[in-house]
Amino acid sequence: MTKLTVENWVAETAKLTMPDEIVWCDGSQREWTELTELLVENGTLIRLNPDLRPNSFLARTDKADVARVEDRTFICSAHEEDAGPTNNWRDPLWMKNLLRSLFKGSMRGRTMYVVPFSMGPIDSPQARFGIEITDSPYVVLSMKLMTRVSSEVLTKIKSGDDWVPALHSVGAPLIDEVGVRTPETTWPCNVEKYIAHFPETNEIWSFGSGYGGNALLGKKCMSLRIGSALGRREGWLAEHMLLVRLTSPAGKDFHIAAAFPSACGKTNLAMLRPTLPGWKVSTIGDDIAWIAPDTNGKLRAINPEAGFFGVAPGTGIKTNPVAIETIRANTLFTNVALTDEGDVWWEGLTNEAPEHLIDWTGADWTPKSDTPAAHPNSRFTVSLEQCPTIDAAWNSPEGVEIDAILFGGRRATNVPLVVEARDWEHGVFMGATISSEQTAAAEGVVGTLRRDPFAMLPFCGYNMADYWQHWLDVGLGLSAENRPQVFQVNWFRKGQDGKFLWPGFGENTRVLEWISRRLDGSVAASASPIGNLPALSDLNLEGLTVTTEDLDEIFRIDRSAWLQETNMTEAYFNQFGERLPAAMRGQLEILKANLA
Ligand code: GTP
Ligand code: SPV
Ligand code: MN
């Protein structure tokens, strides 16, 4: 089979989608200026007050295009079992046929942009290249912030490097089949949406949405769904994880990767400002990590992204001062509120809301309004370089060696603040059994508890049970002393009054400190049915105002509730049939026996 060339693919796609014009992008400042001016002119972007927020813009989406659409996300492998019971599956040929009919003429009257990008530093052995074709200038701008867009990528591809074709259309042609023009809207999209992945041929086709993970195809589509399938074939891991360096007062470094479901605290932990004196956290990534065994026999990770697509609500000076500084300028905001001074606002930015705002839908808003001013999934898009705590290694081709892996989620009950896995197998079991209360990051009912194994439920490009086996294999391929230690954390446990028991944010340093002491072996832990727990006296609680009753509650293990949870886990595991790794069933039996 001859390799698809970029030129052929672009020509074929143009023939199918029929744009007015083709523009090859290079991620330059000139391109940024041209496209922002274009979008300000047609009303898609509002330029924020340059005195308050230089070179920054606000986009308001269509009210029905505000989050990832998991129901409309498909894994198209030849065999349905290879997508597994947690993914929506379609036959690849069937899906391609359907997509061809949808993409036919879908760019009429529009410009088709060709965006060459690298996930990872271009010279990294772990980097992967992609080309996104899109008819959305908003997507082009976002890709510039989120990835490394460069014509150097085209040169690399021409010299033979692999690449992922990623095709995107908002599905809103400006001219119909008979040549009649329709007026442009500020957020073109289509009610019919398809986010389709072909993991066996490394292709992505996305139709109908202009929002986030649906449209910025380097992110979830390539770096996680296609990436995870690639990683399985090639012996590495593509993960929904933040990546940080924790430095102790003595100057010892620990590299930590952490998987929490969408809107469960990755960006916040990645930018944590420690409340304990002498400790330091520096940011490498906030959403995705690519992890591979290195020549030292350890796991080494890079952040394939170059920007943050962060949740705005809840981001304030008290909770995340580092983010506030990061977004001071050169930021693209989506679905936040606009102040009368021409700046942005969202719930949690300040304690008190301004007297008057324009909300995310474009309507007048006052503190008396009964809807939020910013959409709960409103976001900021900004380059990693602007982060004041950015780590020196963020752009290094080699990445960093991982010392610890954390799993977490939003759990009002049951799951303690921190618990350590007994060993790798137990750690994989912890990852596989994560459940979390649904957030606004995806369409669906907020607050319902759902399983989100490894925080990868919406992002695993193949059968989840095979993914667990792959995790077992990768870890067991390392020597015991080289395996990262695994922990489960939960910042979200609530008391009887419905309030969070743990202050979270910067105070999470206290948990990181205990973890680092477990890593260097300077503190003991006590065995419990669910794993190793800290002695309260080993947690540094100096200066913290949490009551002893609340602390007890944060660590309380309710055996009957846990037994109930094991029954749910069993039912959950059963859907994977024969493909469930024996080690996972074994771990479940151990847990049951421990609880009995
Ligand atoms: P995605 O970008 O969707 O993958 O989300 P994320 O995992 O990066 O989540 P993020 O850090 O943006 O946090 C989501 C929400 O959780 C925000 O509203 C935060 O304010 C809130 N949050 C983060 N950390 C904590 C914490 O330690 N305690 C509490 N109570 N809330 C937190
Ligand atoms: C998530 O939902 O996990 C995100 C936002 O990081 S999106 O890019 O839209 O997927
Ligand atoms: Mn995410």
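**Exercises on aromatic rings**

Ring pairs join Phe407, Trp424, Phe454, Tyr462, Tyr467 and Trp471 into a cluster. This is a predicted model, in which local features need pLDDT of at least 70 and side-chain atom pairs count only at pLDDT 80 or more. Residues are numbered from 1 along each chain as its sequence is written, and side-chain values use heavy atoms, with hydrogens and water left out.

**Exercise 1.** Classify the pair formed by the rings of Tyr138 and Trp187.

*Solution.* Start with the rule: rings of Phe, Tyr and Trp (its six-membered ring) pair if their centres lie within 6.5 Å, and planes under 30 degrees apart count as stacked, over 60 as edge-to-face and the rest as tilted. The structure holds 24 such aromatic pairs. Here the centres of Tyr138 and Trp187 are 4.8 Å apart and the planes stand at 75°, so this pair is edge-to-face. Next, find the partners along the chain: Tyr138 is in helix H5, and Trp187 is in the loop between strand S9 and strand S10, 49 residues apart. (Helices, H or I with at least four residues, and strands, E with at least two, are DSSP runs numbered from the N terminus.)

**Exercise 2.** Are Phe454 and Tyr467 buried or exposed?

*Solution.* Buried means under 20% relative accessible area, exposed over 50%, and partly exposed in between (1.4 Å probe, protein chains only). Both Phe454 and Tyr467 are buried.

**Exercise 3.** Which ring lies beneath the charged end of Lys96?

*Solution.* A charge sits over a ring if NZ of Lys or CZ of Arg is within 6 Å of the ring centre and within 35 degrees of the ring normal. For Lys96, the ring is that of Phe198, with its centre 4.5 Å away.

Methods. Chains lettered and ligands numbered in written order.
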